[in-house]
Amino acid sequence: MNREIIMKPESLQLAAQQLRDAATSGDFIAPLRERFEGLDIEAAYAIQQHNTEARLAAGHRIVGRKIGLTSRVVQAQLGVDQPDYGALFDDMGYGNGEPIPWARLQQPKVEAEVAFVLGQDLAMVNPTQVDVLRAIDHAVAALEVVGSRIADWNIGIIDTIADNASSGVYVLGSTPRRLEDLDLDLCGMVMERRGEPVSVGVGRACLGNPLNAVVWLARKMAKLGQPLKAGDLVLSGALGPMVPVQPGDVIEARINGLGSVQAVFQLSANDEVSA
Amino acid sequence: MSTIQQHALRLDEAARSATAVEQLDPESRMSLEEAYAIQMASIQQRLRRGEARVGMKMGFTSRAKMSQMGIDDVIWGRLTSGMRIEENSTISLASYVHPRVEPELAFLLGRDLPEQVTSAEALTAIEAIAPALEIIDSRYRDFKFSLPDVIADNASSTGFVVGNWGDPRIDYTNLGLAMSFNGQTRHVGSTAAILGNPIRSLVAAARLAAQAGEPLRAGDIVLAGGATAAEWLEPGQYVRLEMQQLGSLGFHVEE
C-alpha cells in the first residue's frame, strides 16, 4: 500500500480534495485512516478545515455546527470516548416537508435530534452549563440527513471528522420551543416511515443530555477561537439509532414537547420538485 | 392425563421450583390454540393454590419481534397476584431460572372491555397509567423457545413492579424512558416502541382476552409490552425505570 506522510500540508490537501471529489462524483473513497499514515484527530480536523475554507471561498457561509458521535453505543463501536463536530452551511437546510433532491445526498441516513438556536454569543473562556442555558434562545425538532463520502460508511473517528462529521443536510421542525417547556432528559423520540416506528429514543441518549453536547461544543469552539455566536444553529446529536433512507421515503420524527418534523426524499436524481 | 395437562404441570412445576426444563415443542408443531390451552391449564394450578388473576401482559409488541418469531400478531400471558412485586422491594434470584427485566407501560382498567373495541372505547376505559418493570423468565433451558413454547410458558411473564398510577389523559404515545442499573443508564427508548402506540396493545388485549373467554374487567392491569430490549438481572443490582411525565420506580436484586 502506498502510504503518505500526513503531516505534510499537501497530504492534508490531497485528502480534502478526495473528499470533495467523492461528494460531487458519487465515487466514494476508501477510508482515509487506512491510506494516510499518522493521520490523527488534529490532522483530521485540519482536513475538515480545508474543505470548510473551500466552501467559504465558493461564497457559502457557516450557519452553525453539528455534533456527532454523541451516542455511547456509537462511541463504543468506533472505540472513542469523545464526540466530534462539523460545520453547517447556508445551503444545507430544508424546510419541514420540503422535498430533498436525492442528488444532494451521499449514502444518506437519517437521525432525529434536538436543534438549538442561540440568542447570545458563547465567546467567554470555557463556557459553563449556565452560560449555555442562558445563551439558548429556543429548541426545535430536527432530522439530520447524514452522509458519508467514505465507501460503505466504513468510518473511524478520523474519517468522519475529516468528512465534516459525516454531515449532509438537515430539516428543521416548525414549532420552536423555549427550554422551560421541555424535558430534555426524558423527551421521547420516535421516527416513523409509513407509520411504522423505525427508530425510538430519548433525550438522554445524546451524551446523557443534549445540553451536555452543546456545552462540549461551546467549550471546543471557544478554545479554537471560533466561538459559537448568537443566531448559530446547533444540531446536538441523535436521540436514537440512525436509519438508512431510500428515494421516495418520507420520514417523520416526533420529539415529545418539541413537535414533529418531516423529511421528504425525492424519488430519484432526475425528479422534478413538484410545486 | 392429557398431553396438555402434562405439559401444563411440567411448566407450573418448573416455575415453582425455578428449574429450567427442555422445550415442549422445539419443532413448532403445536397449534397456537394448544399452546394457549397449556398456558391456561398451567395458570389454573396457581389459581388453585389461591392466587387471583389480576390482568394480562402483552408480548412481541414490535414488528421486529413478530417477524423474528414468524407471527403477525402479538402474544399474551396472564398476570396473577403471586407475580406482583412491591415497588422498591428486593427480589431473590433464587426464585427464578434466568430472569431478565424490561420496561413497560401499564394500564389500569376502570371498566370492562368487550372483544371488539375501538381505540376510543379502550381510551375511555383506562382509569390510570403507570410506568412498570416486568421480570421475564423463560422456564426453558438457555432461554430458547419456539413460538408455541413461549405461549405455553405464559409468554415468559414472571413478575411485575408498577410505579405510581398517573393521569391517563396525558399523551402517552411517545413518553421517553430510561432503564438504569445501579445508576448507569443501559436502555433508553420511548413508549412509541410498543406497536407505534400503546393503545393498540390494549385493543389487542381486549380482543385476545375475550376470545379466550376471560374478557378484561374493571380493575385489571394490562402490561402493554416491552419498550426496549430486556436486560439480565444480576445480584446487587438496583434496577430503576424513569418515564417522562409518569415518574420512576425500582427494585433491588439479591442472590
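The expected span of a helix is 1.5 Å times one less than its number of residues. Keep that rule in mind as we look around this predicted model.

Let's try it on helix 2 of chain B, residues 32-48. With 17 residues at 1.5 Å a residue, this helix should span 24 Å, and its end C-alpha atoms are 24 Å apart, so the two agree. Which parts of chain B do the buried residues of helix 2 pack against? They pack against helix 1 (3-17), strand 2 (75-80) and helix 5 (147-152). Among those buried residues are B:Ala35, B:Tyr36, B:Ile38 and B:Arg46. Just after helix 2 of chain B comes B:Gly50, with a positive phi of about 105°.

Now for the nonpolar cores. The largest has 72 residues, and helix 6 (residues 210-223) of chain A gives the most to it, with eight residues. Apart from this core lies another, of 58 residues.

| Core | Size | Some of its residues |
|---|---|---|
| Largest nonpolar core | 72 residues | A:Leu32, A:Ile100, A:Phe265 |
| Another core | 58 residues | B:Ile126, B:Ala206, B:Phe251 |

Take a look at A:Phe265: leaving aside neighbours within four places in sequence, its contacts include A:Ile100, A:Trp102, A:Val145 and A:Pro247.

Finally, find the second largest pocket, with a volume of about 540 Å³. Its lining has 21 residues, and A:Arg20, A:Ala23, A:Arg55, A:Gln106 and A:Arg149 lie nearest its centre. Helix 1 (9-25) and helix 2 (41-57) of chain A each supply at least two lining residues. By type, the lining of this pocket splits into seven nonpolar, eight polar and six charged residues.

Notes
Residues are numbered from 1 along each chain as its sequence is written. Chains are lettered from A and ligands numbered from 1 in the order in which they are written. This is a predicted model: local features need pLDDT of at least 70, side-chain atom pairs count only at pLDDT 80 or more; totals for chains, interfaces and linings use all residues. Side-chain values use heavy atoms; hydrogens and water are left out. On a 1 Å grid over the protein atoms alone, a cavity is a set of points where a 1.4 Å probe fits but cannot get out, and a pocket is an open set with protein on both sides within 12 Å along at least five of seven lines; lining residues have an atom within 4 Å of a point. Grid points are joined across faces, edges and corners, and a volume is the space filled by probe spheres set on the points. Helices (H or I, at least four residues) and strands (E, at least two) are DSSP runs, numbered from the N terminus. Ala, Val, Leu, Ile, Met, Phe, Trp, Tyr, Cys and Pro count as nonpolar, Asp, Glu, Lys and Arg as charged, and the others, Gly among them, as polar. A nonpolar core is a set of buried Ala, Val, Leu, Ile, Met, Phe, Trp, Tyr and Cys residues joined through side-chain atoms within 4.5 Å. Buried means under 20% relative accessible area, exposed over 50%, partly exposed in between (1.4 Å probe, protein chains only). Contact means heavy atoms within 4.5 Å.
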